[in-house]
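Got your viewer open and ready? Let's take a walk through this structure, one selection at a time.

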Amino acid sequence: MSSKSPLLEVEDLKVHFPVYGGILARKPIGAVQAVDGVSFQLEAGKTLGLVGESGCGKSTTGLAVLRMLAVTGGHIRFDGTDITTADSGTMRPFRRRMQMIYQDPFGALDPRMTVADIIAEPMIVHKIGASASDRRGRATELLEMVGLRPDMAGRYVHEFSGGQRQRIGIARALAMQPDLLICDEPVSALDVSIQAQIVNLFRSLQDRFGLGYLFIAHDLAVVRHVSDQIAVMYLGRIVEIASSANLYTNPQHPYTQALLAAVAIPDPDVEATRPHIPVMGEVPGAMNPPSGCRFHPRCPRAVAQCKTESPVLRALSGQQSVACHLV
Ligand code: SF4
């Protein structure tokens, strides 16, 4: 790994999906701007939380970083190498180093295979481990690392709870000795008590292996205890990016303030006195996003300028950047 480059650098990333129409001949009639000019950096061993409502483009960003979706514009650099248009041969070593953790591990794990085989399978593909017994030994070690017993290696996925399945998914990803995990809503399908256990597991694995995480979630409560930096997305764009401490204590963008207001605070005195900012209506479609600031139809502070001029993401300090005309 290069000592100078960030682990991951995303610059002005655009992912647009063409939309076709017409009765006799299919013609392009527009594009869904799922991601539209997203930039961020992630250092090795750190976590960037990517937060926003459903449809804001956060999962699309994760899939584009993994090159599982075609990129419309911008750049993705991994450990200093521009992989935006890399062919499959060039991508091969990077694919091993970047692994995905899914919301629903059950869908990603083959129910006909034992847990040991599920974990060993990517090792075979990427030629990790000299023999079947090496790989089996490694699978057992990985099960222990994620908090499961070695004797569970011969069982099948349906014999495990949701939290245990997520642990198996993490063990399978770790089998590749990755540098970056893209975690797409990895705890949102789990009970709250289990969520905390899995978040703690992510933190301890990061400490142990120096993993970088792009941690995607739809609410700010989940990413709070795992993120060094948080980017808030709205309709394909980052509206605020800040250190975790700044974002929770001093949110500047009206949308961030509204998302934070929706997070319950366990102190009743704080809960009773803090401002609750309403956000009106639903997220508009990304095919015809609102003019100017995309948040203006829902923003309680919108002024005339917001309807016509798109705010740029502006640095308030080294720790915080915001896209809003009033900040
Ligand atoms: Fe609200 Fe205007 Fe700021 Fe957008 S630019 S967040 S509409 S105040």
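**Stop one: around the ligand**

Start by selecting the ligand and showing what is around it: His 253, Pro 254, Cys 293, Phe 295, His 296, Cys 299, Arg 301, Ala 302, Cys 306, Cys 324, His 325 and Leu 326. Keep in mind that you're looking at a predicted model. Now colour that shell by residue type: you should get eight nonpolar residues, three polar ones and one charged. And where does the ligand sit? Turn on a cavity display, and you'll find the ligand in the largest cavity.

**Stop two: the sheet**

Next, hide the side chains and switch to cartoon view. Look for an open sheet of eight strands with mixed pairing, and trace the order β6-β7-β8-β3-β9-β10-β12-β11. Its edges are β6 (98-101) and β11 (314-317), each with a pairing partner on one side only. Neighbouring strands here are turned against each other by 20° on average, ignoring direction.

Zoom in on the β6 end. Select residues 180-184 to pick out β7, which pairs with β6 in the parallel sense over four bridges. In general, strands of a sheet pair through backbone hydrogen bonds, either parallel or antiparallel. For a landmark, click Met 100: the residue opposite, in β7, is Ile 182.

**Stop three: two helices**

Select residues 162-174 now. That's helix α6, lying across β6 and β7 and running at about 170° to β6. Then pick residues 192-209 for helix α7, which packs on the sheet and touches β3 (47-51), β6, β7 and β8 (212-217). Compare directions and you'll see that α7 makes about 160° with β8.

How values were computed. Residues are numbered from 1 along each chain as its sequence is written. This is a predicted model: local features need pLDDT of at least 70, side-chain atom pairs count only at pLDDT 80 or more; totals for chains, interfaces and linings use all residues. Side-chain values use heavy atoms; hydrogens and water are left out. Two strands pair if DSSP finds at least two bridges between them. Axes are lines fitted to C-alpha atoms, for helices over the stretch in contact, and angles run from 0 to 180 degrees between N-to-C directions. Contact means heavy atoms within 4.5 Å. A residue is near a molecule or strand if one of its heavy atoms lies within 4 Å of it. On a 1 Å grid over the protein atoms alone, a cavity is a set of points where a 1.4 Å probe fits but cannot get out, and a pocket is an open set with protein on both sides within 12 Å along at least five of seven lines; lining residues have an atom within 4 Å of a point. A molecule sits in a cavity or pocket if more than half of its atoms lie within 2 Å of its grid points. Ala, Val, Leu, Ile, Met, Phe, Trp, Tyr, Cys and Pro count as nonpolar, Asp, Glu, Lys and Arg as charged, and the others, Gly among them, as polar.
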